[in-house]
Amino acid sequence: MPDSRRPGPGPGPGPGGADHRALPVIRYLDAVLRRASVPMEAEPFEPDWGDQPRSHKIYRQAPGFPLPDQVPHPAAPLGEALPGRPRPQEPGEGFTVPLLAGMLRHSYGWLSRRLRITADPGQGGREAYAHSAWARGSAAGGGLYPCEIYWVCGPGAGPLPGVYHYDQPAHALRRLAAGDVSPRVREALGSAPTAGRQFLLVTVRFWQNAFKYGEFSYHCVTMDLGCLLRTWQTWAAACGIGLRPRLWYDEPALDRLLGLDPATESVLAAVPLPWRGATAAKSDGPGPSQAPAPRVAAPLPERSRTVLRFPAAEAAHLAAAHDTGPPPGPRALAEAAAAVPDPPADVQPHTSAYAPVPLPAPAPLGAGVAEALTARRSSFGRFSAHRPMAPDELAALLRAAAAGRHLFPDEDGGEPSSHSAPALTRLAVFVQHVAGTPAGLHLYDSAAHALIPLSGPAPHPFLQRIYTLNNYNLEQAAAVLFVLARPHAVLAAAGPRGHRLLNAEVGAVAQAAYLAAAALGTGCGAALGFDYEAVHTALAPAVGPDTWPLLLLMAGHERPDRPRFDAPLVPHHPGPRHDLCPSYSPSPRTDRTGRR
């Protein structure tokens, strides 16, 4: 039976202002940052693998239709698309059903069945094909994919207007409700009539991740959100389309629209879709608040017999979900990121007196976006220092990661701007095995495209000592990156949803690094299992006492003797890379339902 540990509704604006509203989130963030020394749960928590939830929601009784497999792939190469800034959009350009199908397939659909021997104890048993992993284009914490995708389809797109759920294994859309509800979404976003008639709503099923990570799960899934949004922006930019995700809206209204209990699943992002041939939405007729709400089909019940609730994570989420404060402006974010922007070349506070190390021109990322998404994977202990990384490969990886930070372009002043406000994160780099590049700790200055040497600990044995898991040998990675930010300053500036905003940017950085590594043919891995306090203590003299590490990224070449098995599910699926390790790829499967 479900556990009864559930807090009351999140705090409202109240007299305490932003600090009062964000208090549950601040407490949760502090618990995350000290989790290596103080457990987040009041009682010892171990996942029950025999009672884990489904990997996706199932709407068995909902009618639907399969999405096309043969879709046009984005024309622009990855290197042009990663910044997420498309060329100027021509009149009449925008999404079509085939383009949307391709983006959904390559972001969250099942692309292949993978089997490989890894050093990750959590992957035990995956050597047997029955327990191998389904590969997807977007990264997710721990290989768990808690996001669900809904398309609010208005008039003019082709399908019958209504609410559709993306059925990931079948690559199909299930219609949950009929009728045009796009005015309700525009009203919730506060942007009628400029946002059009087509929207993607991204929800997160908290138990899908919490059964494994407990209280820590909410911190993970808000980064998973950023991975997915960055994937969509990259795909759309390669097609010449700009996407502007929204994090500030009437969240309870969108949860009600989808029939969700916000304590178990909630809408964490809304993405208006520019649609080909679309005209401006009209606001005449009865307002959406007067129109009757559609009845949304119900999914199959939760498979887990026991569903636990985690008070700290739930309180942090509900505080953000019920926050009615306005989004932060560029000036507030600039102040929150005051110590974070790339430092000028001639002024280096908190840094050593060493001269900057210029980086060469980045290696070209000429792979297609679909190819990079198909090849994206985590290294899981396969790093080897036998072949140093080339300096132009490191330069390409750092430039891609820095470009990944700009996730929320401005739209009519309603969202933080990636062009007028600074990014909220920066990159610290432990260089270990990069040809012609001095080893040690550096900051990456994206404006000057250079490494700024810092005084700090030597990479070895510091990196392995602060890593709390045993699935990576960090000494073998060519470079280890830490994504840094001032999280408490962001919460003070942005309120309860500042945690989502910051973590989404961190996830976007991770996804950009993964895609760049896939295009370069190098390994990449992301991790949250490290001692935040130890890294903070070591880096504070160089980056400031209020700057914290939020994510660890590893990159480098891999051992050449690790076989793998990739069974593609998509017709004309790009073949596996043979320059990394031997592999066998059979013919594509014809059954897209995921049945074994």
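## The β5–β6 hairpin and its neighbour β4

Let's start with two strands of this predicted model. Strand β5 and strand β6 (residues 172-178) run antiparallel and are joined by six bridges. One of the pairs that face each other here is Tyr 166 with Leu 173, its bridge partner in β6. Together the two strands make a hairpin, with four residues between them. If you look at the turn, you will find His 171, which has a positive phi of about 50 degrees.

On to another partner of β5: strand β4 (residues 147-153) pairs with β5 in the antiparallel sense, over four bridges. Here Trp 151 has Tyr 164 of β5 as its bridge partner. How many of the residues of strand β5 (residues 162-167) are buried? Six of the six are, so β5 is largely enclosed by the rest of the structure.

## An open sheet of seven strands

Further along the chain, seven strands come together in an open sheet, and their order is β9-β12-β11-β10-β13-β15-β14. The pairing in this sheet is antiparallel. Its edge strands are β9 (357-358) and β14 (523-527), each of which pairs on one side only.

Inside that order, strand β13 (residues 479-485) sits beside strand β15 (residues 548-556). These two pair in the antiparallel sense over seven bridges. To find your way along them, look for Val 480, which stands opposite Met 554 in β15.

## A helix lying across the sheet

Now turn to helix α13 (residues 459-466), which lies across β10 (425-431), β11 (440-445), β13 and β15. The helix runs at about 125 degrees to β10.

Which residues of α13 are buried? They are Pro 459, Phe 462, Leu 463 and Ile 466. Viewed down the axis of α13, the buried residues fall within an arc of 95 degrees, so they line one face of the helix. The cover over these buried residues includes β10, β11, β13, β15 and α16 (532-543). The face of α13 turned away from its buried side has another character: His 460 and Arg 465 are exposed there.

## Two helices side by side

Another pair worth finding is helix α2 (residues 23-33) and helix α14 (residues 487-494), whose axes come within 11 Å and cross at roughly 170 degrees. The two helices are therefore roughly antiparallel to each other. On the α2 side, the contact is made by Val 25, Ile 26, Leu 29, Asp 30 and Leu 33. The α14 side brings Pro 487, His 488 and Leu 491.

## Cysteines without disulfides

How many disulfides are there in the whole structure? A search finds zero. Cys 227, for example, is in no disulfide, and the nearest cysteine sulfur, that of Cys 147, is 9.0 Å away. For a pair to count as a disulfide, the two sulfur atoms must be within 2.5 Å. Cys 227 is also buried, with a relative accessible area of 4%. Another cysteine, Cys 153, is buried with a relative accessible area of 0%.

## The protein as a whole

Stepping back, the secondary structure comes to 16 helices and 17 strands. The protein has 596 residues, and 57% of them count as buried. Among contacts with a separation of 6 or more, 80% are between residues 24 or more positions apart.

Conventions:
Residues numbered from 1 in each chain as written. Predicted model: local features only at pLDDT ≥ 70, side-chain atom pairs only at ≥ 80, totals over all residues. Heavy atoms only, no water. Pairing = 2+ DSSP bridges. Contact = heavy atoms within 4.5 Å. Axes fitted to C-alpha atoms, helices over the stretch in contact; angles between N-to-C directions. Buried < 20%, exposed > 50% of the residue type's maximum accessible area, 1.4 Å probe, protein only. Arc of directions from axis to C-beta. Parallel < 35°, antiparallel > 145°, perpendicular 65-115°, else oblique.
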